[in-house]
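Me: Hey, I have a structure open and could use a walk through it. Can you take my questions as they come?

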Amino acid sequence: MKTTAVTQRLAGLGGAKWEVHLRAKEMVRQGADIVEMTIGEPDVPTPDIMADTAIAAMKAGRTTYSDGRGEAGLLAALAEHYSASTGRVFETNQFLCFPGTQTSLYAVMMGVAEAGDEVLIGDPMYATYEGVVRASGAEMVPVPLRPEHGFRIQAADIAARITDKTRAILLTTPHNPTGSILTVEDIDAIGELALKHDLWIISDEVYDQLVFDGAEFVSPLSRSAYADRVIAVSSISKSHAAPGFRSGWCVGPAAFTEALLPLSETMLFGNQPFIADMTEMAVREGSPVAEGMRNRYAARAAKLYDRLTQETDLTVHQPQAGMFAMINVACTGLDGQAYAEHLLENGGVAVMPGTSFGTTMADWVRVALTIDDASFETAIERIVSHATSLQKDVA
């Protein structure tokens, strides 16, 4: 059986990254008492008002074919939202609607990179980024994110890896898995590199409404000096607790979205009108659940930091946003992969090894902040007990 080059480029990606998660799921299925902190999903259901809006739209006949770019009402809502949030004027022809951030990112990458090109991405990174880049035919070039810089990608580290093959820099702010947020100074320094080397900046901003108190999110879209080089992707999956509805978009220069429109139309030819109507309402009205989520996630992250810092030698990186926290486990004498396996088998808690997100986090694990408070408290107790046991073994 013959398959295409793209299937070969993607072969082997993904499976091993989820080994601990899949093993935990099987253990739970067999009756084991496991607290699962691997995958992050909103800890509340999709708000009733959103589901009701989608149902009403379906009953009203909004189940026909869609506009290839997206439904007019949603495009208008997005243009108004981004104009208000960035201080720049956005028009409807600067947007394309897709089923979620993932599809948006895939289409954008196909529009900026191809075989022979390179795309720079901070390491650690969201698990699908390598596959998205490889699918385009380009090569991913990881840029280490350093703890001493709060895991914020640095312009100097990017500059050291730019070649004549570089076409784009993929940013995630707020960042998954570390929860860091790029400062305006970080972004402007990266923007100067984009101008100097004729590069695209792709900004994944899906966590922009889950920013904790005391932190501030700035989109590269708001920086007019290099705005014509910025493409952002986002969705309602995290902000509105609606991941299953698969509703997202990209926004960028009109010339880019016009060029990308035929690709979008060959893939999807628009999003579902009834979901577009729901998304329009969500964008216009704001999220009724985002504030509660970010407050809960921030409180859980703070509790994790306090307990583990006071009672163990584990090191917790405090996130500024998002759904996750990172723990350095080097003090146990195990790397992240071995620690995650040992914690699952002996501590009854499932976490993700840091190497699931890149090469620089070998001594780290990621924990989801999205489980309920009682389960989160149980997980902390088990992690503390497990760490104490391991530290005795190391001693």
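Reply: Sure, the chat below goes through this predicted model.

Me: Start big. Which domains does the chain have?

Reply: The domain assignment gives domain 1 (5–44 + 289–394) and domain 2 (48–285).

Me: And what separates their centres?

Reply: The centres of domain 1 and domain 2 are 27 Å apart, taken over C-alpha atoms. Their contact draws on 32 residues from domain 1 and 34 residues from domain 2.

Me: What does UniProt annotate on residues 33–383?

Reply: An unreviewed UniProt entry marks them as "domain: Aminotransferase class I/classII large". That span is 40% helix and 16% strand. Its end C-alpha atoms lie 14 Å apart.

Me: Now the sheet. What order do the strands take?

Reply: The order is β2-β8-β7-β6-β5-β3-β4. It is an open sheet of seven strands, and the pairing is mixed.

Me: Which ones are the edge strands?

Reply: β2 (95–98) and β4 (139–144). Each of these pairs on one side only. From one strand to the next, the twist averages 20°.

Me: What holds paired strands together in general?

Reply: Strands of a sheet pair through backbone hydrogen bonds, either parallel or antiparallel.

Me: So how do β3 and β5 run, parallel or antiparallel?

Reply: Parallel. Four bridges join β3 (residues 118–123) to β5 (residues 166–172). To find a spot on screen, go to Val119, which stands opposite Ala168 in β5.

Me: Switching to helices. At what angle do α5 and α6 cross?

Reply: Roughly 35°. The axes of α5 (residues 100–112) and α6 (residues 129–136) come within 9 Å. The crossing is right-handed.

Me: Which residues make that contact?

Reply: From α5, they are Gln102, Leu105, Tyr106, Met109 and Met110. From α6, they are Tyr129, Val132, Val133, Ala135 and Ser136.

Me: How many of them are nonpolar, polar or charged?

Reply: Eight are nonpolar, two are polar and none is charged.

Me: Last topic, the backbone. Where are the cis peptide bonds around Pro174 and Pro177?

Reply: One joins Thr173 and Pro174, with omega about -5°. Another runs from Asn176 to Pro177, with omega near 20°. Pro174 sits in the loop between β5 and α8 (184–197). Pro177 is in the loop between β5 and α8 as well.

Me: And what is phi of Phe151?

Reply: Near 60°, a positive value in a residue other than glycine. Look for Phe151 in the loop between β4 and α7 (155–159).

How values were computed
Residues numbered from 1 in each chain as written. Predicted model: local features only at pLDDT ≥ 70, side-chain atom pairs only at ≥ 80, totals over all residues. Heavy atoms only, no water. Axes fitted to C-alpha atoms, helices over the stretch in contact; angles between N-to-C directions. Helix = DSSP H or I, 4+ residues; strand = E, 2+ residues; numbered from the N terminus. Left-handed = near helix turned anticlockwise from the far one by under 90°. Contact = heavy atoms within 4.5 Å. Nonpolar A, V, L, I, M, F, W, Y, C, P; charged D, E, K, R; others polar. UniProt positions renumbered as here; feature names shortened; annotations may be inferred. Pairing = 2+ DSSP bridges. Domains from an automatic or database assignment.
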